[in-house]
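Trainee: I am new to this structure and would like to know what stands behind the terms used for it.
Mentor: Then ask about them one at a time.

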Amino acid sequence: MTAPPTLQPKFLPQRDQLGVVAVGFSGGQPRPGTDAAPMALIESGLLDQVRDELGYQVHYDNKVHDYSDVRPASDPVYRNMKRPATVSAVTEALQKQVYEHAKEGRCVLTLGGDHSIAIGSIAGTAKATRERLGREIAVIWVDAHADINTPETSDSGNIHGMPAAFLTGLAREDRKDVFGWITDDMRINLKKLVYIGLRDVDRGEKQILREHGIKAFSMHDVDRYGIGKVVEMALGHIGNDTPIHLSFDVDALDPMWAPSTGTPVRGGLTLREGDFIAECVHETGSLIAMDMVEVNPSLESQGASETIRAGCSIVRCALGDTLL
Ligand SMILES: NC(=[NH2+])NCCC[C@H](N)C(=O)O
Ligand SMILES: [Mn+2]
Ligand SMILES: [Mn+2]
């Protein structure tokens, strides 16, 4: 029998309430399969554990949303972006769902889906937190990639490589059906964005990170300082009185632990290092939302269950699971 975990005291009036949004969407990148991840994570028992072992009241509508009702019939490449109107419509709908949970003071868990969905989840928490607390959120982005390409710097045109650019306002677009719905109250401050785990950053992205002084801890930093010090520095950067949205791309983990993902990069975090980041974020008491993205159960038949287990483990740690 484990002691009950401390549940988010600082910014959430409803401390043990968890809103869950399952997003079956893979249109931010070319490989099918990530749309099946939320079901796989849930079927492996994630929400039952969060309810029964961690003591949350889970608000989940029992649906994996593919938002087929809002998707456009045709969606040509625009400004180098692939499926721009589809990703825009899906993330706009997700933004509204996450916002509804967050404004009730619930912690919000978004299960993706590819990382483009963070446009919706983070926009939703940023807006709700401004309204509820008059505060900007910080985002801890754990990933092998920076996902901060603008449509112009992206080589691939895949929008899952661009969410941080749209969320910070580095990328903007007037067309309402192509992210023009993102208003200032949904955006995040470049100074409150911090990366951990980077090791595959495009040339244009490196320039963006440097030019704007964005705080980033690469795998080099993890090797040099150790994960303990890196997390301490990352949390120090955002300050200890800031609501945190944790956006966790499973490809931050080494493919040894999470092979079933669309853009694996060797030389990543161990599962324990990933769990540790999540545990430390929980300990701050400032976690208000989390994304788990880029799990793709169809890519590696043997590795799929490992990757799902890793994703579940990280979510549980962020929500307060402890080793003892
Ligand atoms: N969420 C991810 N796995 N992103 C990978 C992005 C890869 C590359 N930087 C791109 O822009 O296409
Ligand atoms: Mn990634
Ligand atoms: Mn990513």
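Trainee: What makes the approach of an oxygen atom of ligand 1 to the side chain of Asn149 a polar contact?
Mentor: The model is a predicted one. In it, an oxygen atom of ligand 1 is 3.0 Å from an N or O atom in the side chain of Asn149. A polar contact needs N or O atoms within 3.5 Å, so this pair qualifies. The side chain of Ser156 also has an N or O atom 2.5 Å from an oxygen atom of ligand 1. For Asp249, the partner is a nitrogen atom of ligand 1, at 3.3 Å from a side-chain N or O atom. The protein covers 92% of the 350 Å² of accessible area that ligand 1 has on its own.

Trainee: How many residues surround ligand 1, and which are the closest?
Mentor: There are 13, and the closest are Asp147, Asn149, Ser156, Asp202 and Thr263. By class, the shell holds seven polar and six charged residues, and no nonpolar ones. The space that ligand 1 takes is the largest pocket.

Trainee: Why are the residues at the manganese ion (ligand 2) called donors?
Mentor: Donors are N, O and S atoms within 2.8 Å of the metal, and the coordinating atoms of Asp143 (OD), His145 (ND1), Asp249 (OD) and Asp251 (OD, listed twice) lie at 2.1 to 2.4 Å, so they count. Along the sequence, the donor residues of ligand 2 are spaced D-x1-H-x103-D-x1-D. The pair His145 and Asp251 links distant parts of the chain, 106 residues apart. His145 is in the loop between β4 (138–142) and α5 (163–168), and Asp251 in the loop between β7 (244–249) and α10 (271–284).

Trainee: Which protein donors does the manganese ion (ligand 3) have?
Mentor: They are His115 (ND1), Asp143 (OD), Asp147 (OD) and Asp249 (OD), 2.0 to 2.2 Å from the ion. Their spacing along the chain is H-x27-D-x3-D-x101-D. Here His115, in the loop between β3 (107–111) and α4 (118–133), is paired with Asp143, in the loop between β4 and α5, 28 residues apart.

Trainee: What makes Asp143 a bridge?
Mentor: Asp143 coordinates both manganese ions, ligand 2 and ligand 3, which are 3.2 Å apart.

Trainee: Where is there a cis peptide bond, and what is omega?
Mentor: The cis bond joins Gly112 and Gly113, with omega at about 15°. Gly113 is in the loop between β3 and α4.

Trainee: What is said of phi at Arg79?
Mentor: Arg79 is not a glycine, yet its phi is positive, about 45°. Arg79 lies in the loop between β2 (57–65) and α3 (84–103).

Definitions and conventions:
Residues numbered from 1 in each chain as written. Chains lettered and ligands numbered in written order. Predicted model: local features only at pLDDT ≥ 70, side-chain atom pairs only at ≥ 80, totals over all residues. Heavy atoms only, no water. Near = heavy atom within 4 Å. Polar contact = N/O pair within 3.5 Å; in protein donor to acceptor, adjacent residues only side chain to side chain. Areas by Shrake-Rupley, 256 points an atom, 1.4 Å probe, with all protein chains shown as cover. 1 Å grid on protein atoms, 1.4 Å probe; cavity = no way out; pocket = protein on both sides within 12 Å on 5 of 7 lines; lining within 4 Å. Sits in = over half its atoms within 2 Å of the grid points. Nonpolar A, V, L, I, M, F, W, Y, C, P; charged D, E, K, R; others polar. Helix = DSSP H or I, 4+ residues; strand = E, 2+ residues; numbered from the N terminus.
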